[in-house]
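Subject: Structure handover

Hello,

Here is the structure I promised to pass on. Please open it beside this email and follow along.

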Amino acid sequence: MTANNDFGLIGLAVMGQNLVLNVESRGFSVSVYNRSSEVTEAFVARHPGKRLQGALTLADFVASLARPRKVMLMVKAGAPVDAVIEQLLPLLDKDDIVIDGGNSLYTDTERRDAYLSAEGLRFVGAGVSGGEEGARKGPSIMPGGPASTWEVMKPVFEAIAARVDGQPCVIHIGPGGAGHYVKMIHNGIEYGDMQLICEAYALLRAAGMSTDEMADVFDSWNDGDLQSYLIQITAKALRQRDPVSGQPVVDLILDKAGQKGTGQWTLINAAENAVVISTINAAVEARVLSSMKSARLAASSRLQGPAGALDVDRKRLVALVHDALYASKIISYAQGLDLMRTMGEKKGWGLDLGGIAGIWRGGCIIRARFLGHITEAWRADAGLANLMLAPFFTRVLNGSQAGWREVVALAVGQGIAVPAMSASLGYYDSYRCAR
Ligand code: 6PG
């Protein structure tokens with residue numbers, strides 16, 4: 001076996017496979033390994049003519065890579081990452097680089113970083129966002145780890161990442177667990193965005209709008225300052241019909257949300273650092289309450305709410321909900337960034353908040369037009385105390401606050417749960433309270 005492949009990847013689930021195809025399509029030769037050899041063989045067989053080499057043993061896999069070896073793990077976060085590292089350790093040489101591209105807890109990444117560096121190896125905990133499609137076409141990548149790894153990894157990462165205005169959506173985030181930490185905050189913010197969209201939907205639905213009408217609203221919002229991937233796919237999801245019954249799919253899906261853990265980790269970290277992230281908190285808790293379907297069903301016939309329907313002019317309601325959604329979203333990002341700033345300072349990570357918002361503009365799940373304004377805010381004032389105080393965002397909040405209040409008041413009056421919008425408003429009013 002000749003040791004000349006540019007890149008190696010372990011773990012051929014869909015994300016891993018798509019990342020491999022992305023790396024290969026950018027001109028790199030790639031070795032692949034999967035715990036079950038059949039998966040490796042089938043994957044390589046499905047892609048003839050590509051510069052892919054399947055290895056059936058880890059020893060062969062390692063032997064096929066040029067030095068310093070770059071080995072990316074795309075295995076389930078937690079114990080599987082440690083297990084693969086243990087198997088790799090005796091096979092690797094000094095200065096080789098192990099990259100963990102999963103959603104690992106940043107403290108695990110710190111532990112692995114210390115462990116591997118004591119062995120003379122280099123470890124990169126890299127957040128990778130964008131799901132299966134992003135992995136194939138260009139994700140947003142948040143790599144941490146020793147600065148020396150960035151020079152080696154940069155050509156690969158920059159080649160495979162999404163691009164916005166010609167800029168690749170990847171920067172070196174910082175040492176140790178900084179990359180996975182920033183990915184965790186990204187996910188906390190993602191929870192906030194999704195919950196706010198759910199609340200906007202609940203309000204429009206309560207006003208009697210059909211799923212197609214709501215889809216039109218989300219499409220129109222996607223043409224304006226709320227432009228983002230999540231708003232765009234909400235419109236798309238609302239238009240989906242069940243092929244059998246012809247009913248809107250959203251009306252048929254069980255209203256229970258699960259969670260893999262990154263949102264909860266964000267809450268725990270905020271509590272440890274005494275940083276308020278009430279919007280993200282409300283979003284995580286809303287998922288918990290949503291999952292309690294049978295308890296909600298039982299309570300729905302016993303606990304009363306107000307009578308009557310939401311009686312507001314629809315066009316006006318759409319404009320008000322837009323403002324409430326936009327303002328609440330700004331608060332959610334302000335809180336997530338505040339937590340990131342606090343931890344970055346505490347850990348001495350030297351986080352570039354403007355740069356991080358910049359690489360979130362493309363590839364990742366929270367990609368959105370308004371992230372460009374966040375980058376500008378930190379470029380204009382690196383010591384910005386809170387996103388709300390950047391002139392652009394102050395202007396938006398001041399312009400939205402009346403509508404935002406009206407929406408929260410309407411929702412409270414009608415018994416429609418808007419925990420994230422009201423938590424955001426509570427944060428805004430508390431923060432601006434001089435006494
Ligand atoms: C991404 C996503 C992805 C996933 C999270 C959250 O950036 O590509 O964040 O990682 O959506 O794991 O999953 P849950 O919502 O199931 O917790």
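First, a term you will need: a nonpolar core is a set of buried Ala, Val, Leu, Ile, Met, Phe, Trp, Tyr and Cys residues joined through side-chain atoms within 4.5 Å. Keep in mind that this is a predicted model.

**The cores**

The largest nonpolar core has 92 residues. Within it, Leu204, Trp221, Met340, Trp360, Ile374, Leu387 and Met421 touch the most other members. Which helix gives the largest share of this core? Helix 14, residues 314-347, supplies 16 residues. Another core lies apart from this one. That second core has 28 residues, including Phe7, Phe43, Leu52 and Val128.

Now take methionine 421. Setting aside neighbours within four places in sequence, its contacts include Leu196, Leu203, Ala324, Ser328 and Trp404.

**Serine 424**

Serine 424 sits in helix 18, residues 419-431. Is serine 424 buried or exposed? Its relative accessibility is 0%, so serine 424 counts as buried. The side chain of serine 424 makes a polar contact of 2.9 Å with the side chain of threonine 279. Beyond four places in sequence, serine 424 is in contact with Thr279, Ser328, Ile331 and Trp404.

**Leucine 397**

Leucine 397 belongs to helix 17, residues 391-414. Its relative accessibility is 1%, so leucine 397 is buried too. Its contacts outside the four-place window include Ile331, Met388, Trp404 and Tyr428. How far is leucine 397 from histidine 47? The two are 350 residues apart in sequence and 51 Å apart in space, C-alpha to C-alpha.

**The sheet**

Next, find the open sheet. Seven strands form it, in the order 3-2-1-4-5-6-7, with mixed pairing. Which strands stand at the edges? They are strand 3 (52-54) and strand 7 (140-143). Each has a single partner strand, so one side of each has no neighbour in the sheet. On average, neighbouring strands are turned by 25° against each other, direction ignored.

Look at strand 4, residues 70-73. Strand 4 runs parallel to strand 1 (residues 7-10), and three bridges join them. Glycine 8 has valine 71 as its bridge partner. Isoleucine 10 has leucine 73. Strand 4 also runs parallel to strand 5, through four bridges. There, methionine 72 stands opposite isoleucine 99.

Where do the side chains of strand 4 point? Lys70 and Met72 go one way, Val71 and Leu73 go the other, and all are buried. The general rule is that side chains in a regular strand alternate between the two faces of the sheet.

Two helices are worth finding here. Helix 5 (residues 106-118) lies across strand 5 (97-100) and strand 6 (122-129). Helix 5 runs at about 150° to strand 6. Helix 7 (residues 147-160) packs on the sheet and touches strand 1, strand 4, strand 5, strand 6 and strand 7. The direction of helix 7 makes about 50° with that of strand 5.

**The ligand**

How many residues surround the ligand? There are 13, and the closest are Ser129, Glu190, Tyr191, Lys260 and Arg287. Three pairs of atoms deserve a look:

- The side chain of glutamate 190 has an N or O atom 2.7 Å from an oxygen atom of the ligand.
- Lysine 260 uses its backbone: an N or O atom there lies 2.8 Å from a ligand oxygen atom.
- The side chain of arginine 287 has an N or O atom 2.8 Å from an oxygen atom of the ligand.

**Backbone details**

A cis peptide bond joins arginine 67 and proline 68, with omega about -10°. Proline 68 is in the loop between helix 3 (58-63) and strand 4.

Which phi values are positive in residues other than glycine? Aspartate 95 has a phi of about 75°, and alanine 274 has one of about 50°. Aspartate 95 is in the loop between helix 4 (79-88) and strand 5. With a relative accessible area of 33%, aspartate 95 is partly exposed. Alanine 274 lies in the loop between helix 11 (262-272) and helix 12 (278-291). At 70% relative accessibility, alanine 274 counts as exposed.

Best wishes

Terms used. Residues are numbered from 1 along each chain as its sequence is written. This is a predicted model: local features need pLDDT of at least 70, side-chain atom pairs count only at pLDDT 80 or more; totals for chains, interfaces and linings use all residues. Side-chain values use heavy atoms; hydrogens and water are left out. Helices (H or I, at least four residues) and strands (E, at least two) are DSSP runs, numbered from the N terminus. Buried means under 20% relative accessible area, exposed over 50%, partly exposed in between (1.4 Å probe, protein chains only). A polar contact is a pair of N or O atoms within 3.5 Å; within protein, one must be able to donate a hydrogen and the other to accept it, and residues adjacent in sequence count only if both atoms are side-chain atoms. Contact means heavy atoms within 4.5 Å. Two strands pair if DSSP finds at least two bridges between them. Axes are lines fitted to C-alpha atoms, for helices over the stretch in contact, and angles run from 0 to 180 degrees between N-to-C directions. A residue is near a molecule or strand if one of its heavy atoms lies within 4 Å of it.
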